[in-house]
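I opened my notebook to look up the empty spaces inside a protein, and then one of its strands. Here is what I wrote down.

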Amino acid sequence: MLAEADITTTVFVTERPNHAHEKVRDEDLSQWDTLVVMSGDGLLFEVVNGLMERPDWREAMKKPLCILPGGSGNALAASINYYAGYDHVAKKKLLTNCTFILCKGLYTQMDLVSLSTASGKRFFSFLGFGWGFISDVDIDSEKYRWLGSARFTLGTLQCLAKLRVYQGRLSYLPMATEQGSSPAPRDPRAPVTNGHIPQPAGTDAPGSLPPDSLLVPLGQPVPAHWTVVPEEEFVLVYAIYQSHLGTNLLMAPAARLHDGCIHLFYMKAGISRLTLLKLFLAMSRGTHLDLNCPHLCYVPVRAFRLEPRVAAGIMTVDGEALACEPVQGQVHPRLCRVLSGS
């Protein structure tokens, strides 16, 4: 397909963790029109954060990115396939659709989410941040990577058998009602307050990263106009910014590449294993919220904070494992570009 479209390529094969991160951080990018990642979501996470470490990151992030699915989850590829209006497909058919999008060469701006941890790390994420059940499945199933996407099915069953509960405090800044484009929270019992804070703006200092103007330092309480979730025992917390969590998991059907929104899901303790399994089966069709499960809550937000009571459980960002510690994040609208077919 690339040959027929008269697209010339330079192929670079990564050999170790962070190889792609270092490559795009240090390379002269002017010789290419597009950076194409053929892998899973983790390698694109490396590329995005390598680009954001460049002194000329503002210019570098104008270089369109493209994802060709070559991993197990392929969440961004499945999301872009969904946004383009194509039928749900997987494996080679998904690869064919994404390659066709590459050949068309049309891009859309994409939001990124800035995540900061208590230990001082900062990441830029394009897919999602998780803690609890979903992250457990993702990381615990790594040993079954040879099974492809079936590793997640096996991992889900294993994590269901040893269902864990995690203790912590979750807070968030809801989407302002005046924006009007986002649905109302699906948990009517959760107290919701709306605060309007101006969108983050860059500074004039060359190379300075976009400031997290919606956040206060992790050592301080969240602002008064934020919502603090009353419950402090969770089965999972997941902040997702794309429609798909995996090829077969349509977690946030309303999500779009630049909706300026973090789609925050959390599941309170007390849910049965059978109900949890039903929710994940419904997620394959994107109908899990229609089940009106009282334990599953969904709210569109602009920023969030998660403070584990103890360092227990696995945290993930874009499928990559993190140390369990307090973390907060905010959306930065339209920070990069991605080939999307439109």
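**Entry 1: cavities**

I looked for enclosed spaces and counted three cavities of 30 Å³ or more. My rule was this: on a 1 Å grid over the protein atoms alone, a cavity is a set of points where a 1.4 Å probe fits but cannot get out. Grid points are joined across faces, edges and corners, and a volume is the space filled by probe spheres set on the points.

A note on the source: this is a predicted model, where local features need pLDDT of at least 70 and side-chain atom pairs count only at pLDDT 80 or more, while totals for chains, interfaces and linings use all residues. Residues are numbered from 1 along each chain as its sequence is written, and side-chain values use heavy atoms, with hydrogens and water left out.

**Entry 2: the largest cavity**

I found about 60 Å³ of space in the largest cavity. Which residues line the largest cavity? I listed I134, L236, M251, F265, M267, L279, F280, M283, H288 and L296; a lining residue has an atom within 4 Å of a point. Two elements, β11 (262-268) and α8 (273-283), each give two or more residues to this lining. The largest share, three residues, comes from α8.

I then sorted the lining by class: nine residues are nonpolar, one is polar and none is charged. Here Ala, Val, Leu, Ile, Met, Phe, Trp, Tyr, Cys and Pro count as nonpolar, Asp, Glu, Lys and Arg as charged, and the others, Gly among them, as polar.

**Entry 3: strand β8**

Next I looked up β8, residues 233-240. Is β8 mostly covered or mostly open? I found seven of its eight residues buried, meaning under 20% relative accessible area (1.4 Å probe, protein chains only). Helices (H or I, at least four residues) and strands (E, at least two) are DSSP runs, numbered from the N terminus.

I checked the pairing of β8 too; two strands pair if DSSP finds at least two bridges between them.

- β5 (residues 128-132) pairs with β8 in the antiparallel sense over five bridges, and W131 has V237 as its bridge partner.
- β6 (residues 166-174) and β8 are antiparallel over two bridges, and Q167 is matched with E233.
- β11 runs antiparallel to β8, joined by six bridges, and Y238 has F265 as its bridge partner.

I noticed F265 twice: F265 also lines the largest cavity.

**Entry 4: the whole protein**

Stepping back, I counted eight helices and 15 strands. Buried residues make up 51% of the 342 residues.

Methods. On a 1 Å grid over the protein atoms alone, a cavity is a set of points where a 1.4 Å probe fits but cannot get out, and a pocket is an open set with protein on both sides within 12 Å along at least five of seven lines; lining residues have an atom within 4 Å of a point. Buried means under 20% relative accessible area, exposed over 50%, partly exposed in between (1.4 Å probe, protein chains only).
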